[in-house]
Amino acid sequence: MEITHLSYSQYRTYTECPRSWYLGKVRQAEEVQTWYVPLGSAVHGKIEDALKGGPEKPMEDYFYPLITAQMQVEPDITKWLAGGPKDAPVTHEKALQRAVECYERAVQELEDIEVWEVEYDATGALPGLSVPLKAFVDIIGEHKTRGPVIWDWKTGSTKPDNFQLITYAALLDHNRGPSPVGWGRYMMISPTYTSQTKYVDLTKVDPMEVGKKYEAVLQRMKAKHYETKAGFNCRFCFQQNNCMVNAGINPRTTYYDHSTEEGLPF
């Protein structure tokens, strides 16, 4: 497979488990459907429309079409992955209600910022990286106390590392001239995330250093390193049913998982 571009999501998937990236990008295997992906997409869509002056629509208009589309792939919704505790998973109406709550928290946060850009296309080159890097920044604006900032909405309950924010800053700095954005923050808007995330200082981001990190991963992709990093995260992996290490040898994994023949799976 010719790799024409990278993204932070590809970088994160590959560094967490190269075989998951292989199954999704190279084999284009059918993913496990989830409740939390449409939840997050619905929240992002409603925020974007609201900030761009679109018509006011209820969350159901964003959420249910995504659920309907997923049911075309997997009609048995009991097989979908869900967040939350095992005895009270966030599914069905709980997922819709969680989307409403996330949106309401986002609206409260937006009172503190003058929004300049929504879903800003920061796609571009980085020094040291031989392919373009695709990126869309949720919010760029001026916070009333922090000044120019990058925000990235997160509807889950686990804060990721800061590399996504660092990537955005590197792209802005390298492709748009010296960036005025000095801070970045993951906006954890799920009601289950109760602590405050800290702002990340983006003034010292080195685009070359960031580009080299992506290039190192790109070279491993091209060398066909498809090893599996089996562990706790397998239960949340979109490719869990397609991986021989996780699901064993069966007709489905035999069809999708050719990592032994096509690369280095171990």
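Are Y11 and F163 buried or exposed? Y11 is buried, and F163 is buried too. Keep in mind for every view here that this is a predicted model.

**View 1. Y11 and F163, a tilted ring pair.**
The structure holds 11 aromatic pairs, and this view picks out the one made by Y11 and F163. Their ring centres sit 4.9 Å apart with the planes at 40°, so the pair counts as tilted. As for where the two rings come from, Y11 belongs to helix α1 (residues 8-16) and F163 to helix α6 (residues 163-175), so the pair ties together parts that are 152 residues apart in sequence. Zoom out a bit and there's a cluster: Y8, Y11, F163 and Y214 form one aromatic group.

**View 2. Two lysines over tyrosine rings.**
K46 lies over the face of Y103, 4.8 Å from the ring centre. In the other example, K57 lies over the face of Y62, with a distance of 4.6 Å to the ring centre. Two of these residues turn up again in the next view: K46 on the α3 side and Y62 on the α4 side.

**View 3. Helices α3 and α4 crossing.**
Here the axes of helix α3 (residues 36-51) and helix α4 (residues 60-73) come within 8 Å and cross at roughly 145°. The crossing is right-handed. Which residues make the contact? From α3 it's P38, L39, S41, A42, G45, K46 and D49, and from α4 it's Y62, F63, L66, I67 and Q70. Sorted by class, the contact of α3 with α4 has 7 nonpolar, 3 polar and 2 charged residues.

**View 4. A99, tucked into helix α5.**
A99 is part of helix α5 (residues 92-110), and with 0% relative accessibility it counts as buried. Setting aside residues up to four places away in sequence, A99 touches L39, V43 and M59. One of these, L39, is also among the α3 residues that make the contact with α4. If you'd like a distance to check, the C-alpha atoms of A99 and I189 are 9.6 Å apart, with their positions 90 residues apart in sequence.

**View 5. W151 and its neighbours.**
W151 sits in strand β5 (residues 147-154). How accessible is W151? Its relative accessible area is 0%, so W151 is buried. Leaving out neighbours within four places in sequence, the contact list of W151 runs to E109, L110, I113, V137, D138, I139, H143, R185, M187 and Y199. For a longer-range reference, W151 and Q10 are 141 residues apart in sequence and 20 Å apart from C-alpha to C-alpha.

**View 6. E215, a buried glutamate in helix α7.**
E215 is found in helix α7. Its relative accessible area is 15%, which falls under the 20% cut-off, so E215 counts as buried. Where does E215 make its contacts, once residues up to four places away are left out? It touches G128, L129 and S130. P89, by comparison, is 38 Å from E215, C-alpha to C-alpha, and 126 residues away in sequence.

**View 7. P265, past the end of α10.**
P265 lies in the segment after α10 (259-262), and with a relative accessible area of 7% it is buried. Apart from neighbours within four places in sequence, P265 is in contact with R19, Y226, E227, T228, S259 and T260. Two of those, S259 and T260, fall within the α10 range of 259-262. The C-alpha atoms of P265 and K159 are 29 Å apart, and the two residues are 106 apart in sequence.

**View 8. Two loop residues with positive phi.**
Most residues other than glycine have a negative phi. Which phi does Q28 have? It's near 50°, a positive value in a residue other than glycine. Q28 lies in the loop between α2 (18-26) and α3, and with a relative accessible area of 63% it is exposed. K224 also has a positive phi, near 65°, and isn't glycine either. K224 has its place in the loop between α7 (207-222) and α8 (244-247). At 39% relative accessibility, K224 counts as partly exposed.

Key
Residues are numbered from 1 along each chain as its sequence is written. This is a predicted model: local features need pLDDT of at least 70, side-chain atom pairs count only at pLDDT 80 or more; totals for chains, interfaces and linings use all residues. Side-chain values use heavy atoms; hydrogens and water are left out. Rings of Phe, Tyr and Trp (its six-membered ring) pair if their centres lie within 6.5 Å; planes under 30 degrees apart count as stacked, over 60 as edge-to-face and the rest as tilted. Helices (H or I, at least four residues) and strands (E, at least two) are DSSP runs, numbered from the N terminus. Buried means under 20% relative accessible area, exposed over 50%, partly exposed in between (1.4 Å probe, protein chains only). A charge sits over a ring if NZ of Lys or CZ of Arg is within 6 Å of the ring centre and within 35 degrees of the ring normal. Axes are lines fitted to C-alpha atoms, for helices over the stretch in contact, and angles run from 0 to 180 degrees between N-to-C directions. A crossing is left-handed if the near helix is turned anticlockwise from the far one by less than a right angle, and right-handed if clockwise. Contact means heavy atoms within 4.5 Å. Ala, Val, Leu, Ile, Met, Phe, Trp, Tyr, Cys and Pro count as nonpolar, Asp, Glu, Lys and Arg as charged, and the others, Gly among them, as polar.
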